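Here's a quick briefing on how protein meets DNA in this entry. Have a look at the model first, then read on.

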Number of protein chains: 2
Amino acid sequence: MNAPADSADVRRRNLALVLRYLDAHGPCARTEVAVGTGLVHATVTALVTELIDRGLVCEAGSVPSGGRGRPRRLLRLIPERVVILAAQVTLEYVHVMAADFRGHVLHRESAPHHAPYGDPRALAAVIACLVRSAEAAVRNATPHAHLAQLAVAMAGPVVGPSHLVAAAIDFGWHSTDLRALVAAELPGLDCPVDVVNDANMAALAEYHALAAEGVRHPDTVAYIKADTGVGGGLLVGGRVHSGSHGMAGEIGHLPIALDGPECRCGTRGCLATYLGPEPLIRAAGLERLAEAQGGEAALAELDRRLRDGDPDAVAALGAAGHALGAAVLGVSGVTDAGEIILGGYLATWATWFRPGLEARLAGRRALSPDMQPVITFGVLGGEATLRGAFQTCRDALLDDPTSVPATRRTPVGGPVRQR
Amino acid sequence: MNAPADSADVRRRNLALVLRYLDAHGPCARTEVAVGTGLVHATVTALVTELIDRGLVCEAGSVPSGGRGRPRRLLRLIPERVVILAAQVTLEYVHVMAADFRGHVLHRESAPHHAPYGDPRALAAVIACLVRSAEAAVRNATPHAHLAQLAVAMAGPVVGPSHLVAAAIDFGWHSTDLRALVAAELPGLDCPVDVVNDANMAALAEYHALAAEGVRHPDTVAYIKADTGVGGGLLVGGRVHSGSHGMAGEIGHLPIALDGPECRCGTRGCLATYLGPEPLIRAAGLERLAEAQGGEAALAELDRRLRDGDPDAVAALGAAGHALGAAVLGVSGVTDAGEIILGGYLATWATWFRPGLEARLAGRRALSPDMQPVITFGVLGGEATLRGAFQTCRDALLDDPTSVPATRRTPVGGPVRQR
DNA sequence: ATATTTTTTTTCGAGTCTTGAAATAAATAA
DNA sequence: TTATTTATTTCAAGACTCGAAAAAAAATAT
């Protein structure tokens, strides 16, 4: 925001423009890129040449250009050129995925981490181990690929450009530089490491997954999910907005009732006390099962009962749907999100949440019908976070294609000209 | 976001950088600008020359540069060069203000508009009349000033780049192109006309007013105000974020209670039903006065009783303070605003709102103390909206100094060089 | 009084970038 | 074969920033 601009910035931006166009519109000729981006033919030629030099794009045959005239030489992305690493840390496991630029998964591995409470170093070691394994597999399969970035998604607010994990309650951390710890364990890895918030990444992933299905998103999109907890994310123009402390969208503690049940956070009536797994389990009368066999088993049983039409279970979700409706109104009122994506079991159990949710929303007389936020449901399930971590790396590369080195040797000052 | 970049963009950005530096750091020499902006001396010379040509900057004497050496030639802004017009439309009045770049008010005028319900044309005519009057006064006083922009602040959501007022309930409008109407009434005015949301502008103004007092704002700041209604705004990096429908921050209908009082909006438990003027008047037992003499008189009486220590009045605000606390928690939870500015009578009556507000907030065990949002109070009172409309024009000019035409004749291709 | 030092500012050539016009390439139709 | 059409590249021009060197303007040293 406050650094001088120069011609390199112009280049970067226009390269990004061309690369994005090719990514979005598939193989097409230089002429089409010129028309689509607003750049002049000559510039497109130069930019495409650079993208080819960097190995991101190649020519893919010619097609006749309708009637007579020189045929178009198609350009297409080379997705294999770039490999992205994404990691996700949950309470018990670390998941790592390697994928090419298109999102094609090349490698995937998980391991329980048994990291002692309050010891990020142990966890970093597990992450590093899996990452090394993924890297080796990728190097073996596609030795010429460029390792673009590693993003580690993590439950906890991630602050600003330093990527410090400010506080991960479940892990007992406080202002932890997980990025540095992971990077220190991976001395050979020559790609940037980022630490990101898991719910934000899930939001990003669902956003892109829905866009791929043809959904046209509004400027501001909110994401609310519930699984082991209640959280979410906020997207502005397709980018994560993480707020002042990396906590934007963390709406588990949105107050929706002035004197609702007490919450761990110290106040009353938080959304999580209506929509979180424990209150749902309790409302459905499954607390004994949860105590005996754990929360996951109870949720599985809840799922079974819902599908069997158990009235207690259905009623529990119906009531929670009302709370969800209040949250949707709150989020849309504050952020003016034009779309709200529901994920986690909010999506899995959409059938049972819907009645309560819609009842709560229907009451609202919006200023005009097209201002009512659109409710959509996530489609990625448990994959969302990892896909989002991948997506954020992908976006970074699309923003700056110059981060990929040239493969062809290009003499400084462009090709030597002979006279 | 999707237009090609060229060297003109680089110029624009670097000009903005230099102009912003001079605006923020007062008169200083080219060397200091170079160090402060990160630009090279040679470039600063060129950029400053252009700003001087455009009449935005001038040299203001020399100061010895500590010991020996060539003295520094100070540069300073010429605030009189630029005139900005700001208008505000309330239910009964139109206010227009003309101010120079520094914010020095040159002219100020108000008129009741008596615009019939549902007729934006009549209102546009009143605005235009006051604007013409302001323009004439300014032209007379400072004939060489550049008229930069006119911003009209208006109660109602303003949508996207078209500046359409989507719905102004109080005026009976629907998808009104107020900008076009005003521009049509002002054929001679050769400056851009913008229509903006009033609460958003108030937010922007308070943000800058507090910054001028030395407050360091976090990335995300929310603004909540109450006067004739409850509304607000959301600022990200000092810029208004207006959401998908221009309604971000319009939190009057934030649900804070699952089954609170019914609201005009069709749902229950909206913030406005606790914090709006009517409920406060009712809670303080002043509804008869309000019926007889109108809401403003009742609010004035409420103010008097508060200062007299009337227990009913104090109790009313105490309870409302709790609701405000819930709203603050909600807003900060969703947006992760690091600071929340309270305006309107929330600021005037801060003394009486505070206990309830703080009680509600104190319960919250934040993840860490520095994540608790800071609560500040607006200082501009009724001036906020108009100042904000001014500020948004000012920002636009600081972003693009090339919008100000050159006064000196500069030959195309720079000064002619003789050999 | 003159030379030297120091600091600020400008000048100048070089390197990048985009652009528009002209040239080249590669096909079809006459 | 020749003309026409469409796609792509080449080339010179113009706009920027940058780094180094030169010029300017004062204080200090000789």
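By class, how many nonpolar, polar and charged residues does the surface near DNA strand C have? There are 10 nonpolar, 11 polar and 10 charged ones. Keep in mind that this is a predicted model. The notes below take strand C, then strand D.

**Around DNA strand C**

- A set of 31 residues surrounds DNA strand C, and the closest are B:Thr31, B:Gly69, B:Arg70, B:Arg72 and B:Arg73.
- Sugar or phosphate accounts for 77% of the strand C atoms within 4 Å of the protein, with bases making up the rest.
- Chain A brings in helix H1 (7-25) and helix H3 (41-53), while chain B brings in helix H2 (30-37), helix H3 (41-53) and strand S2 (72-77); each supplies at least two residues of the surface near DNA strand C.
- H1(A) gives the largest share of that surface, with four residues.

**Polar contacts to strand C**

- A:Thr43 has a side-chain N or O atom 3.0 Å from a phosphate oxygen of DNA strand C.
- From chain B, the side chain of B:Thr45 also puts an N or O atom 3.0 Å from a phosphate oxygen of DNA strand C.
- A:Arg70 goes for another kind of atom: a polar atom of its side chain sits 3.4 Å from a sugar or linking oxygen of DNA strand C.

**Around DNA strand D**

- Here 29 residues are in play, and A:Thr31, A:Arg70, A:Arg72, A:Arg73 and B:Arg68 come nearest to DNA strand D.
- Of the strand D atoms within 4 Å of the protein, 77% are sugar or phosphate and the rest belong to bases.
- Sorted by class, the surface near DNA strand D holds 10 nonpolar, 10 polar and nine charged residues.
- H1(B) is the source of the largest share of this surface, four residues.

**Polar contacts to strand D**

- The side chain of A:Thr31 has an N or O atom 2.7 Å from a phosphate oxygen of DNA strand D.
- A:Thr45 places a polar side-chain atom 3.0 Å from a phosphate oxygen of DNA strand D.
- With A:Arg73, the backbone does the job: one of its N or O atoms lies 2.9 Å from a phosphate oxygen of DNA strand D.
- As for elements, helix H2 (30-37), H3 and strand S2 (72-77) of chain A, plus helix H1 (7-25) and H3 of chain B, give two or more residues to the surface near DNA strand D.

Conventions:
Residues numbered from 1 in each chain as written. Chains lettered and ligands numbered in written order. Predicted model: local features only at pLDDT ≥ 70, side-chain atom pairs only at ≥ 80, totals over all residues. Heavy atoms only, no water. Near = heavy atom within 4 Å. Polar contact = N/O pair within 3.5 Å; in protein donor to acceptor, adjacent residues only side chain to side chain. Nonpolar A, V, L, I, M, F, W, Y, C, P; charged D, E, K, R; others polar.
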